[in-house]
Amino acid sequence: MTTTTGARVGPAEHGLLLDLLRLPTAGPLETGADFPEPQLWAAGRRYAEAAAPLGFSVTHHAAARPEDLAVDGVPLPVREAVAESPGFLSCQPNLVLRLGARHPRHRTVMFNVHLDTVSGVEPVGFDGRRFTGRGSVDAKGPAVGLLAGVRAALAARPRLGDEIGVLIQAVAGEEGGALGTIGTRPLVDRGWYGRLNVFCEPTGLRYLPRASAAMTARIRVDGDDAVDDRPEHGHNATVLLGHLAQHLGRTLPPLAADGRVCVAGLTTGSLHNRVYGRGELLLNLSYTSTETAHRLKAATGDALRTGIAEFRTRFAPVRELARTAQDAADITRLHWLKCGLPALAHTPAWAERLLEEVAGVERWPDGESAFTCDAIWLADREDAATVVYGPGSLEHNHAHARGEFVDLADLEAFAAGVARILLAFRGTCLDAMLPSHHSYPYSRDYTRNEGRSQ
């Protein structure tokens with residue numbers, strides 16, 4: 001096992017993390033178009049400045065281009081936002097940092113962090129033991145812990161950047177449903193990744209060799225409003241969608257054996273003195289295999305039809321809801337906002353041996369469900385191994401929820417793990433554990449263009 005000392009998250013990193021936590025970086029898909037632009041440019045610059053003393057230089061700092069979205073799998077809300085708002089892409093830049101010299105891909109490690117967050121303001125603070133604030137665990141805290149880990153590895157091997165390549169992607173567009181299509185995916189498509197790729201997300205300091213993808217369904221009711229004194233004259237989207245939410249929440253989860261079903265936002269109206277005839281219900285369906293994705297997509301359509309039939313039978317006798325029951329099938333539509341995304345199903349055996357046997361990182365149990373993150377965009381890269389690894393957990397550290405936090409001890413343990421991974425990769429990248437140098441088509445001429453090799 002590779003060991004290292006000095007993986008401390010010190011005062012400089014404390015200040016960096018607090019600075020990042022104070023910057024509002026929730027993207028437009030999270031906050032809405034009328035909210036002030038996220039300060040992602042400032043966050044990227046601050047992160048690059050903190051990485052510079054370690055030897056990192058800025059290779060790329062720019063937003064995705066419209067042509068980057070001219071591919072399959074871009075979620076509908078992203079396409080709509082780009083069409084409606086010229087500033088949607090420009091306010092969400094992505095950063096690529098490189099340590100030292102450029103190396104061929106088979107001698108390069110890439111770490112991915114995201115600097116955007118979900119919406120919602122959380123109190124920012126540090127009591128000497130625990131950091132609080134939106135993004136503290138997902139994923140500004142891991143981003144800062146990553147730099148501390150690189151610093152520890154450099155203390156052990158000062159010429160590390162001359163021996164192996166180290167890239168950091170610090171992206172936007174991970175949250176809000178964009179799922180990396182305006183951040184990680186364009187960077188990967190341009191070649192900024194390594195033979196080993198580590199996505200820094202909360203995993204309880206275990207490496208996760210897979211990542212689920214997700215589909216998003218929108219069920220929309222488009223009926224007539226009515227005054228509260230005559231509710232029978234309108235279509236009650238609130239009751240209809242509420243019924244469908246319960247029906248789908250009961251019917252779909254048993255079919256998601258390797259994923260999760262999230263019955264999410266239900267929106268009709270906020271006032272008491274009217275019947276809302278229009279509204280929508282959102283579902284997020286995760287999966288780790290193409291088979292499950294196809295099954296869930298077909299099952300959602302089937303379950304919607306049976307739910308509408310049940311609604312009609314149940315509510316037809318109710319005077320105030322009879323018209324809604326009669327017209328339910330005609331006013332309800334299913335739209336897929338996001339589907340067809342790849343899932344990361346496994347990691348090559350050589351990478352698992354390196355992480356477990358050499359770097360001493362515990363493996364995520366097979367029986368515990370994976371989660372969705374940008375790691376899916378390396379699922380089809382035969383020249384790369386990809387894992388998810390980070391401090392804390394999504395549930396216990398309240399990611400996406402009130403009271404988000406990360407403990408200093410977990411950040412330091414993560415930093416130590418990063419250092420061990422770097423030293424393990426450096427020590428074994430030319431050994432028999434990895435395929436031969438000659439197995440990589442770009443290893444002889446890796447400088448010919450940025451998109452082919454690092």
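Helices here are DSSP runs of H or I at least four residues long, strands are runs of E at least two long, and both are numbered from the N terminus. Everything below comes from a predicted model.

**Figure 1. Where domain 1 meets domain 2.** The protein chain is split into domain 1 (11-211 + 344-432) and domain 2 (214-338). Their centres, taken over C-alpha atoms, sit 35 Å apart. At the meeting point, 9 residues of domain 1 are in contact with 7 residues of domain 2. The area buried between domain 1 and domain 2 comes to about 690 Å², with carbon and sulfur atoms giving 58% of it. On the domain 1 side, Leu76, Ser369 and Thr372 lose the most area to domain 2, together 41% of what that side buries. As for polar links, 2 residue pairs are in polar contact between domain 1 and domain 2, and the salt bridge count there is 0. The residues of domain 1 that touch domain 2 break down into 6 nonpolar, 3 polar and no charged.

**Figure 2. Helix 11 and what its buried residues pack against.** Helix 11 spans residues 322-331, and its buried residues are Thr324, Ala325, Asp327, Ala328 and Ile331. Those buried residues pack against two strands and two helices: strand 9 (213-222), strand 14 (332-338), helix 9 (237-251) and helix 10 (290-315). Helix 11 also has a salt bridge to show off, with the side chains of Arg323 and Asp327 meeting at 3.7 Å, N to O. Both residues lie in helix 11, 4 residues apart, which is about one turn of the helix. An α-helix has 3.6 residues a turn, so residues three or four places apart point the same way. Asp327 counts as buried because its relative accessibility is 18%, while Arg323, at 29%, counts as partly exposed.

**Figure 3. A salt bridge across a long stretch of sequence.** Glu404 and Arg134 form a salt bridge, their closest N and O atoms being 2.7 Å apart. The pair ties together distant parts of the chain: Glu404 is in the loop between strand 16 and strand 17, Arg134 is in the loop between strand 5 and helix 6, and 270 residues separate them. Both partners are tucked away: Glu404 is buried, with a relative accessible area of 1%, and Arg134 is buried as well, at 9%.

**Figure 4. A salt bridge between Arg65 and Asp68.** The structure holds 25 salt bridges, and here is one of them. The side chains of Arg65 and Asp68 meet at 2.8 Å, N to O. Arg65 counts as partly exposed at 35% relative accessibility, whereas Asp68 is buried, with a relative accessible area of 14%.

**Figure 5. Backbone oddities in three loops.** Start with the cis peptide bond: it joins Asp138 and Ala139, with omega about 5 degrees. Ala139 sits in the loop between strand 5 (130-132) and helix 6 (140-156). Next comes Leu205, which has a positive phi of about 65 degrees although it is not a glycine. Leu205 belongs to the loop between strand 7 (196-199) and strand 8 (206-207), and it is partly exposed, with a relative accessible area of 23%. His400 is another residue other than glycine with a positive phi, near 65 degrees. His400 is found in the loop between strand 16 (385-388) and strand 17 (405-407), where it counts as partly exposed at 46% relative accessibility.

**Figure 6. His396 out on its loop.** His396 lies in the loop between strand 16 and strand 17. His396 is exposed, with a relative accessible area of 60%. From His396 to Val406 is 10 residues in sequence and 9.7 Å in space, C-alpha to C-alpha.

**Figure 7. Glu352 and its neighbours.** Glu352 is part of helix 12 (residues 349-358) and is buried, with a relative accessible area of 14%. Its side chain makes a polar contact of 2.6 Å with the side chain of Tyr207. Leaving out residues up to four places away in sequence, Glu352 touches Tyr207, Pro209, Thr347, Glu357 and Arg363.

**Figure 8. Thr428 in helix 13.** Thr428 is found in helix 13 (residues 408-428). The Thr428 side chain reaches the backbone oxygen of Ala424 at 2.7 Å. Thr428 counts as buried because its relative accessibility is 10%, and the cut-off for buried is under 20%.

Note on methods: Residues numbered from 1 in each chain as written. Predicted model: local features only at pLDDT ≥ 70, side-chain atom pairs only at ≥ 80, totals over all residues. Heavy atoms only, no water. Domains from an automatic or database assignment. Contact = heavy atoms within 4.5 Å. Buried area = accessible area lost by both parts, 1.4 Å probe. Salt bridge = Lys/Arg side-chain N within 4 Å of Asp/Glu carboxyl O. Polar contact = N/O pair within 3.5 Å; in protein donor to acceptor, adjacent residues only side chain to side chain. Nonpolar A, V, L, I, M, F, W, Y, C, P; charged D, E, K, R; others polar. Buried < 20%, exposed > 50% of the residue type's maximum accessible area, 1.4 Å probe, protein only.
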